[in-house]
Amino acid sequence: MDASAGGGGNSLPTAGADGAKRRVCYFYDAEVGNYYYGQGHPMKPHRIRMTHALLAHYGLLDQMQVLKPHPARDRDLCRFHADDYVAFLRSVTPETQQDQIRALKRFNVGEDCPVFDGLYSFCQTYAGGSVGGAVKLNHGHDIAINWAGGLHHAKKCEASGFCYVNDIVLAILELLKYHQRVLYVDIDIHHGDGVEEAFYTTDRVMTVSFHKFGDYFPGTGDIRDIGHSKGKYYSLNVPLDDGIDDESYQSLFKPIMGKVMEVFRPGAVVLQCGADSLSGDRLGCFNLSIRGHAECVRFMRSFNVPLLLLGGGGYTIRNVARCWCYETGVALGHELTDKMPPNEYFEYFGPDYTLHVAPSNMENKNTRQQLDDIRSRLLDNLSKLRHAPSVQFQERPPEAELPEQDEDQEDPDERHHADSDVEMDDVKPLDDSGRRSSIQNVRVKRESAETDAADQDGNRVTAEHTKGTEPAADGVGSSKQTVPTDASAMAIDEPGSLKVEPDNSNKLQDQASVHQKP
């Protein structure tokens, strides 16, 4: 079957409802639920603790390797983020922030992204889980899960949309050490702008984002934004309108992602599972059921490519916990019973106390014609790609056993792999030329499928993440003028910079086998 027809990937022999069991690891820090953005703020890390409780009471923790993430260190974060930004996050506190007004403004920290107790530790924890998951995938696991991660709006030098550190970019950079190509897929209701921007000019990372577009945060993600230079056609944006339901969503997701897998042939996939695209989300406007949302996980799992599952948005927290619990079951190949087992947060799930909730009867503003046009246009863009771009893949850190241990491991210093950039300064880069290039702040006009004349009217103003908040910083959110902070233009062997250089030598065989925020 043609994958682009939406019939699924090249599944392993069936064993139960969803194919063969996969080797799954799950990252969780019990402290994550204690972090608090502040009264009235919609982002609530407590949802991660609720999700974990459901996983425990459904018996899923016994079927995964459960790991406590090693906190990311300064130099780990500086592989993508600017040194001075990381230093600011490390030093700022609620008590000292009034003495750093200029820095707060410079780094876009304030209302949407407040300073709270333990902010830097929170960033270290969720970033450590995502990078740790990438390390696990690089060393033999099939699926790695970090529901605390997926904060896709953070930029090199600033916070955005409830996100401070872009754990996704850091995880992809780790995966690129072992894979020629990495695919990033984003099903959060908001455009995955921070990740797209980081890899906008490389053909080694393809980004695909399904999101609400039009007068909505962050204002980026036009279908015409397709990548630049070597990255042209390696950014796909699927703009959607209010009320999209399961059937309409999958009529785009499966054919588009099937064709992406066929043409791009990634060695690893990162799937950001933002739950604000669910029906009834406090800040969202889509109408997906939990099963419809999880179908994306099921479909990407079916290709048998190493898969990193991350969290993201989601502001009706009882439904977030439901969703990520169910999707963990999908990752493990288990269909969970709808009747919810008693748990510490049982009262949150009343009056029905079920895992699934019915979508609403809201209007689906996505017409069949609009969906057909979007699908046709994106499949046409994909047809312009040469199959499986090749990269000169030179010496990499040697394969070794991962000394990562279970979450009850007594010595946390033993948890990290010696070959991971997260624990090592002198890693040999993918490009062993020995040249180190610092991050370049170069403004590059985003390449568009439209003519330059048509681009002149594309200077959009960022829609606010939460209505009534102050406008975002200049240059953030303009789909045509946002400057890519291209992670692919940095050097891997130097803290604070990484280099992932494309090479069209065609010397390598493919490793992959294919068959905020509101």
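Select His46, which belongs to helix H1 (residues 46-57), in this predicted model. His46 has a relative accessibility of 18% and therefore counts as buried, since the limit is under 20%. Display its surroundings next: leaving aside neighbours within four places in sequence, His46 is in contact with Gly33, Ile317, Tyr345 and Tyr348.

Follow the chain beyond the helix to Gly59, in the loop between H1 and strand E2 (65-67). Is Gly59 buried, exposed or partly exposed? Its relative accessible area is 23%, so Gly59 is partly exposed. Now add Pro341 to the selection. Gly59 and Pro341 are 282 residues apart along the chain, and their C-alpha atoms are separated by 9.9 Å.

**Strands E1, E2 and E3**

Select strand E1 (residues 24-27) and show its side chains. Val24 and Tyr26 point one way, Cys25 and Phe27 point the other way, and all are buried. In a regular strand the side chains alternate between the two faces of the sheet.

Then bring in the strands that pair with E1. Strand E3 (residues 143-146) runs parallel to E1, with 3 bridges between them, and Val24 stands opposite Ile143 of E3. E2 is also parallel to E1 and is joined to it by 3 bridges; here Tyr26 has Val66 as its bridge partner. Trace the chain from E1 through H1 to E2: this β-α-β crossover is right-handed.

**Strand E4 and its partners**

Move to strand E4 (residues 182-186), where 5 of the 5 residues are buried. Which residues share a direction in E4? Val182, Tyr184 and Asp186 point one way, while Leu183 and Val185 point the other way.

Colour strand E5 (residues 205-212) next. E4 and E5 pair in the parallel sense over 5 bridges, and Val185 has Val208 as its bridge partner in E5. Helix H7 (residues 193-198) completes the picture, as E4, H7 and E5 make a right-handed β-α-β unit.

Strand E7 (residues 268-272) is another parallel partner of E4, joined to it by 5 bridges. In E7, the bridge partner of Leu183 is Val269.

**Strand E8 at Leu308**

Val269 leads to Leu308, since the two residues are in contact. Leu308 is found in strand E8 (residues 307-310) and, at 0% relative accessibility, counts as buried. Outside the four places on either side in sequence, Leu308 touches Ser130, Gly133, Ala134, Leu137, Ala144, Ala171, Val269, Val270 and Leu271. Select Leu271 and Leu308 together: they are 37 residues apart in sequence, and their C-alpha atoms are 6.1 Å apart in space.

**Helices H6 and H8**

Ala171, one of the contacts of Leu308, lies among the buried residues of helix H6. Select the whole of H6 (residues 167-175): because 9 of its 9 residues are buried, this helix is largely enclosed by the rest of the structure. The buried residues include Asp167 and Glu174.

Turn now to helix H8 (residues 246-264). How many of its residues are buried? The count is 16 of 19, and H8 is mostly covered. A distance check can be made on its end C-alpha atoms, which are 26 Å apart; at 1.5 Å a residue, the 19 residues should span 27 Å, and the two values agree. Just after H8, select Arg265, whose phi is positive, near 50 degrees.

**The nonpolar core**

Display the largest nonpolar core, which has 141 residues; Tyr164, Leu183, Phe210, Met257 and Met300 touch the most other members. Helix H10 (residues 317-332) gives the most to this core, with 10 residues.

Centre the view on Tyr164 to examine one of these residues. Not counting residues up to four places away in sequence, the contacts of Tyr164 include Tyr37, His81, Tyr85, Leu89, Cys113 and Pro114. Phe116, Leu119, Cys123, Tyr126, Ala154 and Ala159 are also touched by Tyr164.

**Cysteines**

Finish with the cysteines. How many disulfides are there? The count comes to 0. Select Cys296 and Cys273: the sulfur of Cys273 is the closest cysteine sulfur to that of Cys296, yet the 8.1 Å between them is too far for a bond, as a disulfide requires sulfur atoms within 2.5 Å. Cys325 is likewise in no disulfide, with the nearest cysteine sulfur, that of Cys323, 9.8 Å away. Cys296 counts as buried at 0% relative accessibility, and Cys325 counts as buried at 0% too.

How values were computed: Residues are numbered from 1 along each chain as its sequence is written. This is a predicted model: local features need pLDDT of at least 70, side-chain atom pairs count only at pLDDT 80 or more; totals for chains, interfaces and linings use all residues. Side-chain values use heavy atoms; hydrogens and water are left out. A nonpolar core is a set of buried Ala, Val, Leu, Ile, Met, Phe, Trp, Tyr and Cys residues joined through side-chain atoms within 4.5 Å. Buried means under 20% relative accessible area, exposed over 50%, partly exposed in between (1.4 Å probe, protein chains only). Helices (H or I, at least four residues) and strands (E, at least two) are DSSP runs, numbered from the N terminus. Contact means heavy atoms within 4.5 Å. Two strands pair if DSSP finds at least two bridges between them. A crossover is right-handed if, with the strands pointing away from the viewer, the path from the first strand over the helix to the second runs clockwise. The expected span of a helix is 1.5 Å times one less than its number of residues.
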